[in-house]
Amino acid sequence: MATPRFTVGDTVRTRVDNPPGHTRLPRYVRGRTGVIESVRGAAPVPDETVKNGVKGDDVPFYGVLFAMQDLWGNDAEADAELVVELWESYLE
Amino acid sequence: MSSHSYAAAPQSHNHDKDATRVALTARTAALEAALVAGGVLQSEQVDELVETYAEKLGPRHGAAMVARAWVDPTFRQRLEEDATSIIRDLGYDLEGSQHRDLPFATLRAVFNTPEVHNVIVCTLCSCYPLFVLGPQPRWYKSPEYRSRMVIEPTQVLKEFGTSVPAGKTIRVWDSNAETRYLVIPERPKGTEAMNEDQLRALVTRDSMIGVTVLPDVV
């Protein structure tokens with residue numbers, strides 16, 4: 001199993017890819033800065049599974065935490081945050 | 001056709017038009033009738049599947065886990081560390097049953113505290129911990145809930161009648177990938193003398209989604 005590149009507390013930035021097919025990198029978190037909340041394990045990336053019709057290698061994935069204001073701007077709710085699971089290949 | 005229906009959604013979130021529901025119900029009934037007539041399906045199979053979702057996988061499993069977590073620190077710790085193993089031990093992953101292809105994924109319990117209120121949503125579709133909460137309420141699948149909960153959770157919670165005090169963090173969990181989340185509500189005040197059975201009866205589905213909090217018992 002691939003060794004996770006990131007650990008809890010690391011700052012990460014999501015890629016700004018716009019793949020033509022299925023992805024689990026929601027548009028609303030693309031190109032945003034967040035923090036690794038948890039290291040969840042490893043699993044095939046669904047994007048690749050859908051594209052190729054077979055499951056690929058396990059890739060580490062993480063719970064990534066974003067402040068609402070980092071997603072929606074300064075007028076967003078100050079006391080709210082969001083966690084979404086993202087595969088390592090979505091992160092830089 | 002089974003008579004099962006979802007619990008009513010809060011009024012402010014009942015965006016679906018009754019006409020749409022009637023049309024979909026009619027279409028579903030027609031589809032079922034055609035499949036039964038063609039010998040593809042038996043009505044009993046449909047009833048059994050609905051019963052499995054509504055009763056066997058219903059929110060009472062989640063409520064049991066919440067009540068246990070309130071009274072049993074060892075269980076609470078295990079729930080924090082590896083909720084999936086609890087599900088497996090209880091046999092809810094349905095391995096070997098005829099319903100084994102029901103959606104199953106990793107379960108993670110997220111605990112409400114005086115500092116943090118948790119709430120779940122799926123922006124991708126309607127991912128939900130079916131095996132501990134039963135079928136999704138219709139509003140959980142609505143585009144309004146799915147889009148607005150990740151943008152303005154405080155406001156959406158208000159529309160569910162839930163006021164989160166200023167300064168308390170609202171943490172939204174978008175369950176779009178491998179993990180399903182179960183919110184463990186805070187134990188209401190005034191329940192100190194209650195036993196586990198009594199506590200279990202207090203726990204509602206919506207409190208385990210995180211759109212409501214449990215009222216104190218006075």
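## From the A–B interface into chain B

Begin with both chains displayed and select the interface, where 15 residues of chain A are in contact with 19 residues of chain B; bear in mind throughout that this is a predicted model. On the side of chain A that touches chain B, strands β2 (33-44) and β4 (80-87) of chain A each supply at least two residues, and β4(A) gives the most, with six residues. Colouring this side of chain A by residue class shows nine nonpolar and six charged residues, with no polar ones.

Next, keep β4(A) selected and add strand β3 (residues 169-174) of chain B, since the two strands are to be viewed together. They pair in the parallel sense over five bridges, and within this pairing Ala80(A) stands opposite Ile170(B).

Now centre the view on β3(B) itself. Five of its six residues are buried, so β3(B) is largely enclosed by the rest of the structure. Adding strand β2 (residues 116-121) of chain B brings in another neighbour, which pairs with β3(B) in the parallel sense over six bridges. Which residue of β3(B) is the bridge partner of His117(B)? It is Ile170(B), the residue that Ala80(A) stands opposite.

From the strands, move to helix α4 (residues 73-89) of chain B and look along its length. The helix has 17 residues, yet its end C-alpha atoms are only 18 Å apart, short of the 24 Å that a straight helix would reach at 1.5 Å a residue. Select Asp82(B) to find the bend, where α4(B) turns by about 110°. Then show the side chains of Leu79(B), Ala83(B) and Ile87(B), which are buried in this helix. An α-helix has 3.6 residues a turn, so residues three or four places apart point the same way. What covers the buried residues of α4(B) includes α3 (60-71), β1 (106-111), α5 (130-133) and β4 (179-184) of chain B.

Finish on α3(B), one of the elements that cover α4(B). At 1.5 Å a residue, the twelve residues of α3(B) should span 16 Å, and the 17 Å between its end C-alpha atoms agrees with this. The buried residues to select here are Gly62(B), Ala63(B), Met65(B), Val66(B), Ala67(B), Ala69(B) and Trp70(B). Their cover includes α4, α5, β4, α9 (196-200) and α10 (205-209) of chain B, so displaying those elements around α3(B) completes the tour.

Note on methods. Residues numbered from 1 in each chain as written. Chains lettered and ligands numbered in written order. Predicted model: local features only at pLDDT ≥ 70, side-chain atom pairs only at ≥ 80, totals over all residues. Contact = placed C-beta atoms within 7 Å. Helix = DSSP H or I, 4+ residues; strand = E, 2+ residues; numbered from the N terminus. Nonpolar A, V, L, I, M, F, W, Y, C, P; charged D, E, K, R; others polar. Pairing = 2+ DSSP bridges. Buried ≥ 20, exposed ≤ 12 C-beta atoms within 10 Å, placed from the backbone. Expected span 1.5 Å × (residues − 1). Bend = angle between axes of the 7 residues up to and from the residue.
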